[in-house]
Amino acid sequence: MSTITWITARGLFGRRRFLLLLPLPLVLLGLAVLCRSLGVDPGQWGPPVLVGLGLAVVLPVVALIIGTGVLGAEIDDGTVVHILTKPLPRWQIVLPKLAVSAGVTAATVAVPLYVAGVLADSVRLGLALAAAAAALGALAYSAFFLALSLVTRRPVLLGLVYVLIWEGLLGNFVSGTKVLSIQQYVIALADRLAPTGLLETSVSVPVASVMTALVSVGFTVLAIDRLRSFSVAGETS
């Protein structure tokens, strides 16, 4: 498994798509610093920056770029054949790739979210955002997008539909969709760790906890099962 992890990390950092991870976290960090330096009331800039940008855009988009790339890119260019020909159980392929995806996503979003949380409210909020988003949110999103890369040839497009339409548009107007929104789980868990008026959601903490676990485990199992259906040529049966 360590070999798969190393190959995945080396391939991820060697691809140009990794450069796409940098702008959004920098924008989040820059806006938070700018608002704080200008003396803007955190009650005004906190929700749109922390939630509207940080949790609704930066976290899911970074996870989408990485999650669909750790295995999907190998399927597209055919290099997955070298892994599939190894006598390895499919879970020993999926789990290391999921670990790399979640780990890199967490490392990318944790620092800007922590700094933005500290500037908006307190160190406790910064730590809560980093823990909920970087740990739990990164894992759930990564499992979802990794599975998506195995069930469709257009994982990025469908991932954007989920992030922008389901979580972004419908999530703001149709309350029932929030129960199936990873973004809302992250908000609920972060608010539980550091209660503040800057984070608001109608999803309860028990529901958020259970659904985060179900999404993480369920889509990981789906990815493993889907990978079993791939032949050596990399085509699905």
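Buried here means under 20% relative accessible area, exposed over 50%, and partly exposed in between, with a 1.4 Å probe and protein chains only. The model is predicted, so that local features need pLDDT of at least 70 and side-chain atom pairs count only at pLDDT 80 or more, while totals for chains, interfaces and linings use all residues. Residues are numbered from 1 along each chain as its sequence is written, and side-chain values use heavy atoms, with hydrogens and water left out.

**View 1. The whole chain, built from ten helices and zero strands.** Helices (H or I, at least four residues) and strands (E, at least two) are DSSP runs, numbered from the N terminus, and the order along the sequence is α-α-α-α-α-α-α-α-α-α. Of the 237 residues, 49% count as buried. Where contact means heavy atoms within 4.5 Å, 75% of the contacts between residues at least 6 apart in sequence join residues at least 24 apart.

**View 2. Helix H9 (residues 182–193) and its surroundings.** Nine of the twelve residues of H9 are buried, so this helix is largely enclosed by the rest of the structure. The buried residues are Ile 182, Gln 183, Gln 184, Tyr 185, Val 186, Ile 187, Ala 188, Leu 189 and Ala 190, and they pack against helix H3 (42–67), helix H7 (123–151), H8 and helix H10 (205–228). The expected span of a helix is 1.5 Å times one less than its number of residues; for H9 this gives 16 Å, which agrees with the 17 Å between its end C-alpha atoms.

**View 3. Thr 196, in the loop between H9 and H10.** With a relative accessible area of 16%, Thr 196 is buried. When its neighbours within four places in sequence are left aside, Thr 196 is in contact with Asp 121, Leu 125 and Asp 191.

**View 4. Leu 157 in helix H8 (residues 155–173).** Leu 157 has a relative accessible area of 51% and is therefore exposed. Leu 157 is one of the residues that make a nonpolar surface patch of about 800 Å², among them also Val 156, Leu 160, Phe 173 and Val 174.

**View 5. Two spans from the UniProt annotation "transmembrane region" (unreviewed entry).** The annotation, which may be inferred rather than shown by experiment, includes residues 94–115 and 155–174. Residues 94–115 are 100% helix and 0% strand, with end C-alpha atoms 32 Å apart, whereas residues 155–174 are 95% helix and 0% strand, with end C-alpha atoms 24 Å apart.

Terms used: Patches are made of residues with over 30% relative accessible area and no salt bridge: like charges are joined within 9 Å, nonpolar side chains (Val, Leu, Ile, Met, Phe, Trp, Tyr) within 5 Å. Accessible areas come from the Shrake-Rupley method with a 1.4 Å probe; for residues, only the protein chains shown count as cover. A salt bridge is a side-chain nitrogen of Lys or Arg within 4 Å of a carboxyl oxygen of Asp or Glu.
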